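Reader: Hi! I'm in my first year and still learning to read protein models. Could you take me through a single part of this one, slowly and with the terms explained?

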Amino acid sequence: MKRAGDVADRLHSAAIHLLRSLRRQDAATGLTGARLSALSVIVFAGPVTMTQLAAAEQVSLPTVTRMLAGMERDRLVKRERDAADRRVVWVRPTPRGTRLLVEGRRRRVAALAADLARADAADLDALDRALAIIERVGGGGPAPWPGRGRRG
């Protein structure tokens with residue numbers, strides 16, 4: 001019988017390797033990993049305040065401020081002061097930012113689907129069952145998509 005720690009160690013390594021292999025698709029966006037990560041939060045959880053974005057990305061507010069300045073110049077996001085509390089700044093994706101992120105996700109999913117197409121039906125069924133467990137344990141569900149009600 002497998003110990004939870006052994007399975008967790010293998011799952012952690014597998015997840016990192018999988019994400020690294022899919023990250024090759026991100027080069028087409030022209031964005032750094034940090035900007036893609038922040039844009040993902042803004043698109044799928046947005047609008048968010050700058051403070052919420054800093055917390056989600058686990059960086060300081062000055063770091064978020066610098067990152068957003070570049071993303072604004074690239075027309076990926078826009079910042080707006082809160083009407084009720086002018087100290088609060090909301091960050092929203094632009095249509096261009098949303099499109100760039102959605103296209104990037106589509107490329108990643110297509111690359112993974114091409115790899116999975118080589119698996120047999122039994123392996124795909126087993127992976128599907130394993131994913132249900134991973135989603136339950138991780139507290140998330142299917143990854144977010146515009147129009148689906150939540151961020152994973």
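Author: Happy to; here is a walk through the nonpolar core, with the helices around it.

This is a predicted model, in which local features need pLDDT of at least 70, side-chain atom pairs count only at pLDDT 80 or more, and totals for chains, interfaces and linings use all residues. Residues are numbered from 1 along each chain as its sequence is written, and side-chain values use heavy atoms, leaving out hydrogens and water.

Let's get our bearings. The protein has six helices and three strands, in the order α-α-β-α-α-β-β-α-α along the sequence. Helices (H or I, at least four residues) and strands (E, at least two) are DSSP runs, numbered from the N terminus. Of the 152 residues, 24% are buried; buried means under 20% relative accessible area, exposed over 50%, and partly exposed in between, using a 1.4 Å probe and protein chains only.

Now for the core itself. A nonpolar core is a set of buried Ala, Val, Leu, Ile, Met, Phe, Trp, Tyr and Cys residues joined through side-chain atoms within 4.5 Å. The largest one here has 22 residues, and Leu39, Ile42, Leu53, Leu68, Met71, Val77 and Val91 touch the most other members. Two or more residues each come from helix 2, helix 3 (50-57), helix 4 (61-73), strand 3 (89-93) and helix 5. Helix 2 supplies the largest share, seven residues. In soluble globular proteins, nonpolar side chains tend to be buried together.

Zoom in on Met71 for a moment. Leaving aside residues up to four places away in sequence, Met71 touches Arg35, Ala38, Leu39, Ile42, Leu76 and Val77, where contact means heavy atoms within 4.5 Å.

Next, follow helix 5. Its buried residues are Gly97, Leu100, Leu101, Val102 and Gly104, and these pack against helix 2 (33-45). How does the length of helix 5 (residues 95-116) compare with what its 22 residues should span? At 1.5 Å a residue, the expected span is 32 Å, and the end C-alpha atoms are 31 Å apart, which agrees. That expected span is 1.5 Å times one less than the number of residues.

For contrast, look at helix 6, where Ile134 is found. Ile134 has a relative accessible area of 38%, so this residue counts as partly exposed.
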